[in-house]
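User: Can you walk me through the cavities in this one, and then one of the helices?
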Amino acid sequence: MRPFTYVRAGSPAEAVREFQDGAVYLGGGTNLVDLMRLGVTVPAQVIDVTGAVSDEVTVRDSGGLTIGAGVRNSDLGSHPLVRERYPMLARAVLNGASGQIRNAATVGGNLLQRTRCPYFQDVTMPCNKRSPGSGCQAMAPGADTQHLAILGHSPFCAATHPSDLAVALTALNARVHVVSPADVGQSAGPDNSRWIEMPGLHRLPGGVPERDTVLMPGELITEVELPPPARSGQAPARQTYRKVRERASFAFALVSVAALLDIGPDGRVRDCRVALGGVAHVPWRAHAAERVLLGAPPSAAAFAGAAEAELRYARPLPGNEYKVALARNLIASVLEELMP
Amino acid sequence: MDSAYATDITMTVNGEPRAVRVDNRMSVLDLLRERLGLTGPKKGCDHGQCGACTVLAGGRRVNACLALAVAHDGASIQTIEGLGQPDDLHPLQRAFLRHDAFQCGYCTPGQLCSAVGMLTEPGPSAVTADLATEPPLTPGEIRERMSGNLCRCGAYVNIVAAIAAEVPKSATGAGA
């Protein structure tokens, strides 16, 4: 590991002021410290932001929640209001990593964790994300592609975003508050801060796979805002998160689904949200599936049709074709589970 | 070490205040093992995947290999050495002996610290059916909650039995 300077920021303003080329923000460190040890991330300066952002979950007047970027994953997953009002979010968090890692990992860091693509993490391999222009080993004949993308990838990168939390936030229409350094202010408001809607924080790789998100250099996530919980009449709308992985616990998703389903009094789908993990460079909002279902009578056949609509344009790599059927079946199965 | 790349920190380790100058790159695990002589926490994978390095930081279990020492200035750390003594074992240590919950023993300090932390953690887990409940710590719940600790000897069956034996009666779901 290359030597680096360390500074603890006391506020978001101080953190972005400290930021210079080659700096990284440190949350729980559960991904960043590993990447530094692997030589994937070689910072000149580490800015510890655990004391700069909130570590509390608070209720807003609207009924939504504000989640500080410094909230530890374990505290989010066990929070009574998250469990009661946003069960898909609690389930997503509880399905991520291990007890030890959830105790350290922060919400902001979870959103900004890097892909676990084997070629990104191996500095002896070409990787356009780690080393722009070096090539993508995942496109080579015989490459290990089983965990890689089937949707939205480019010839330059087929990495997947590994977060569970981000998939639920994408289905819940969360938004992310960001504080920007003064010189990145073109998109930020007058107070050098801005809101980014989810989906929309993460970006597809295209020709610039080194950029995971739309954040500009030095921008810092300070909190995540959840809209008031979706209702189904008087009751909360049914929602859940299901994750398929290679072992029962402590593994990244092969495919995961966050879904919400609300059937109106006319017996038709009034609200429907579906987001997928493990299939793309972003937590993938399944807009095509949602469009098929909105206003339609719900049924097993309708759910299968919606899943088919979403996966119709999947482009699996040699070796991860299984993910197409897995995602299709998982969407349909989770929606059936949500039927009243 | 250039002073720009090192930091003076203080840490309470097993109840004793310690003051050390650390290379900013140093993990809590390396600090404990290489500088403070506490070799109970083990270096297994050094990537947060095996749990052999598990210690309690402020009472919460964490992977010491993924924790930068410099980021734990002021922290209170407890290792297996602070959990029990040879003549005064922690109840969980006694349960591990009683249930034959280890073979080579390399993962055991991490298993024990993890179990101590786990038993204090509130709320549901990934295998809890009803999120609204504080679920009883059944063997299935224990397995899920302990999935951050690997055992290459495969002593899992007895590890779960040992931990289950130390679950407070109020949290087993039995009786009451």
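Analyst: Cavities come first, then a helix.
This is a predicted model, where local features need pLDDT of at least 70, side-chain atom pairs count only at pLDDT 80 or more, and totals for chains, interfaces and linings use all residues. Residues are numbered from 1 along each chain as its sequence is written.

User: How many cavities of 30 Å³ or more are there?
Analyst: Two. A cavity here is a set of points on a 1 Å grid over the protein atoms alone where a 1.4 Å probe fits but cannot get out.

User: What volume does the largest have?
Analyst: About 80 Å³, taken as the space filled by probe spheres set on the points.

User: Which residues are closest to its centre?
Analyst: Cys117(A), Cys127(A), Cys136(A), Cys157(A) and Ala158(A), out of 15 lining residues. The lining of the largest cavity has eleven nonpolar residues, three polar and one charged.

User: And the second largest, what is its lining like?
Analyst: The second largest cavity, at about 50 Å³, has two nonpolar, five polar and three charged lining residues. Among them are Arg114(A), Lys129(A), Asp212(A) and His281(A).

User: Switching to α6 of chain B, which residues are buried?
Analyst: In that helix, residues 156-166, they are Ile159(B), Val160(B), Ala162(B) and Ile163(B). Buried means under 20% relative accessible area with a 1.4 Å probe, protein chains only.

User: Why are they on the same side?
Analyst: Because they cover an arc of only 160 degrees around the axis of α6(B).

User: What covers them?
Analyst: The cover of the buried residues of α6(B) includes α3 (91-98), α4 (108-118) and α5 (139-145) of chain B.

Technical notes. Chains are lettered from A and ligands numbered from 1 in the order in which they are written. Side-chain values use heavy atoms; hydrogens and water are left out. Buried means under 20% relative accessible area, exposed over 50%, partly exposed in between (1.4 Å probe, protein chains only). Helices (H or I, at least four residues) and strands (E, at least two) are DSSP runs, numbered from the N terminus. The arc is that of the directions from the helix axis to the C-beta atoms. Contact means heavy atoms within 4.5 Å. On a 1 Å grid over the protein atoms alone, a cavity is a set of points where a 1.4 Å probe fits but cannot get out, and a pocket is an open set with protein on both sides within 12 Å along at least five of seven lines; lining residues have an atom within 4 Å of a point. Ala, Val, Leu, Ile, Met, Phe, Trp, Tyr, Cys and Pro count as nonpolar, Asp, Glu, Lys and Arg as charged, and the others, Gly among them, as polar.
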